[in-house]
Amino acid sequence: MKRVLLTGGSGFIATHVLDQLIQRGYSVVTTVRSAAKANKIRAAYPTIGTDRLDFAIVEDIALEDAFDDAVTSSPPFDAVIHTASPFHFNVTNVQRDLLDPAIKGTTGVLQSIVKNAPTVKRVVITSSFASIVNPFKGSWPEHTYTEEDWNPVTLQQTSENIANGYRASKTFAERAAWEFMQQESPHFSLTTLCPPLVLGPVISHLGSLDNLNTSNQVIRDLVQGKHKDKVPDNATFTWVDVRDLALCHVLALEKPEAANQRFLVSAGFFCNGELVDIMRKEHDRLRDLLPAEGSPGGGYPEDGLYKVDNSKVVKILDVSWRKLPDTVTDTVNSLQQFVL
Ligand code: NDP
């Protein structure tokens, strides 16, 4: 049985990674910010003992040596999956709220592994399409994004708007991870996963609809009737299902060919107009809450759109993708637990 440290276990994506790890027989310790969060996750796995699921409290990943204790375990860890990083726009100070936890959290966990976890062989980091996309090029129809692309955002541009701040947090953190690998030549290999917008069902111990993870908020807002007159326009046009992404995290641990690779993890394209069409078709009871048929907005850019090459992840991790209607339907159904 392999033992894995999963950071940020209370997060939307991490709850699915945890689920896959447990299903596939791993022994997992996951970091959370409080005992209360640990208790909620524990309650979701009543038949799994502490040998298979345990917790370490890391209140703030931006603090120095934050992971020093968490990476120390008996039996020791074989691998680490680092998902914890802020993904929200509730930000008053970009440096403190986004850049520091993303960058220091990433370099911090790598340093702690070097210091205290000599048995770790593989580290997988949840990076983002935000570290690949060039937001200054807009829809850039003549371009195909691949793992070779890097967001050129600068530190100075992070103060222009919060979206730049978030994208920079992911770009700088991933760059710092690869620089760490080059400079330190540590005893483990690294894999980074760069997903675009992640949609999919919310696992129930997450809390309430008010603190729903950022990437599902467009679906929540639509089903809560917040966009009756106009379909909101997309910020991102490419997506992946959270369950497929979670499986990629585990396969990245398992496949030798994934070592020291960066993966663009995208299932394809979508626009918010398509989300609404699927919801109208599959969830008749939501009809009055959704934008009326023929409402403006939510389409693809008229001048065309960049393409995304996902062939590397399909080939090396050997994954296939859920279809958008299934993802949207499962997401809407999962939100029902919170009483819409
Ligand atoms: P969530 O907000 O659901 O999860 C983020 C996790 O990070 C939470 O567990 C959160 O803990 C933890 N965290 C954030 N800041 C800190 C901190 N300072 N100290 C300790 N823990 C912290 O987001 P997602 O699950 O969507 O995102 C997970 C990862 O995936 C992030 O790295 C994100 O950038 C990346 N990603 C997400 C995409 C998406 O569309 N969802 C797309 C591309 C990448 P708590 O909840 O207790 O605050």
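**The ligand site and the packing around it**

In this predicted model, a backbone N or O atom of T83 lies 2.9 Å from an oxygen atom of the ligand. Taken alone, the ligand exposes 890 Å², and the protein buries 88% of that area. Two further polar contacts can be traced from the ligand. A nitrogen atom of the ligand has a backbone N or O atom of I61 at 3.0 Å. An oxygen atom of the ligand is 2.9 Å from an N or O atom of R33, in this case one that belongs to the side chain.

The wider shell around the ligand comprises 28 residues, and the closest of them are F12, K37, Y166, K170 and V198. Sorted by class, the shell holds 13 nonpolar, 10 polar and 5 charged residues. Among the elements that contribute to the shell, helix α1 (12-23), helix α4 (162-184) and strand β8 each supply at least two residues.

Helix α4 can be followed further through G165, which lies in this helix. G165 counts as buried because its relative accessibility is 0%, and the cut-off for buried is under 20%. Apart from its neighbours within four places in sequence, G165 is in contact with V94, L98, L99 and T158. G165 and F89 are 76 residues apart in sequence, while their C-alpha atoms are 9.2 Å apart in space.

Strand β8 leads to another part of the model. The strand spans residues 197-199, and the buried residues of helix α7 pack against it, as they do against α5 (217-223) and α9 (324-335). Helix α7 itself covers residues 272-282, and its buried residues are N272, G273, L275, V276, I278, M279 and R280.

Helix α9, one of the partners of α7, contains S334. With a relative accessible area of 9%, S334 is buried. The side chain of S334 reaches the backbone nitrogen of V202 at 2.9 Å. Once neighbours within four places in sequence are set aside, the contacts of S334 are P201 and V202, so V202 appears both as a contact of this buried serine and as the partner in its side-chain polar contact.

Charged side chains form a further theme. Side chains of opposite charge can pair when their charged atoms come close. A search of the whole structure finds 16 salt bridges. One of them joins the side chains of D100 and K104, with an N to O distance of 3.9 Å. Both residues lie in helix α3 (residues 94-116), 4 residues apart, which is about one turn of the helix. The two partners fall into separate accessibility classes: D100 counts as buried at 17% relative accessibility, whereas K104 counts as partly exposed at 42%.

A second salt bridge brings together the side chains of D241 and R243, at 2.8 Å from N to O. Here D241 is buried, with a relative accessible area of 0%, and R243 also counts as buried, at 16% relative accessibility.

In a third pair, R322 forms a salt bridge with D244, and the closest N and O atoms are 2.5 Å apart. R322 lies in the loop between α8 (311-317) and α9, and D244 lies in helix α6 (residues 242-254), so the pair ties together parts that are 78 residues apart in sequence. R322 counts as partly exposed at 32% relative accessibility, while D244 counts as buried at 7%. Elsewhere, salt bridges that share partners join D65, D68 and K115 into one network.

A last position returns the reader to helix α1 (12-23), one of the elements that supply the ligand shell. I48 lies in the loop between α2 (35-43) and β3 (53-57). This loop residue counts as buried because its relative accessibility is 17%. Beyond its neighbours within four places in sequence, I48 is in contact with I22, R42 and L53. I48 and I22 are 26 residues apart in sequence, and 8.6 Å separates their C-alpha atoms in space.

Terms used
Residues numbered from 1 in each chain as written. Predicted model: local features only at pLDDT ≥ 70, side-chain atom pairs only at ≥ 80, totals over all residues. Heavy atoms only, no water. Buried < 20%, exposed > 50% of the residue type's maximum accessible area, 1.4 Å probe, protein only. Contact = heavy atoms within 4.5 Å. Near = heavy atom within 4 Å. Polar contact = N/O pair within 3.5 Å; in protein donor to acceptor, adjacent residues only side chain to side chain. Areas by Shrake-Rupley, 256 points an atom, 1.4 Å probe, with all protein chains shown as cover. Nonpolar A, V, L, I, M, F, W, Y, C, P; charged D, E, K, R; others polar. Salt bridge = Lys/Arg side-chain N within 4 Å of Asp/Glu carboxyl O.
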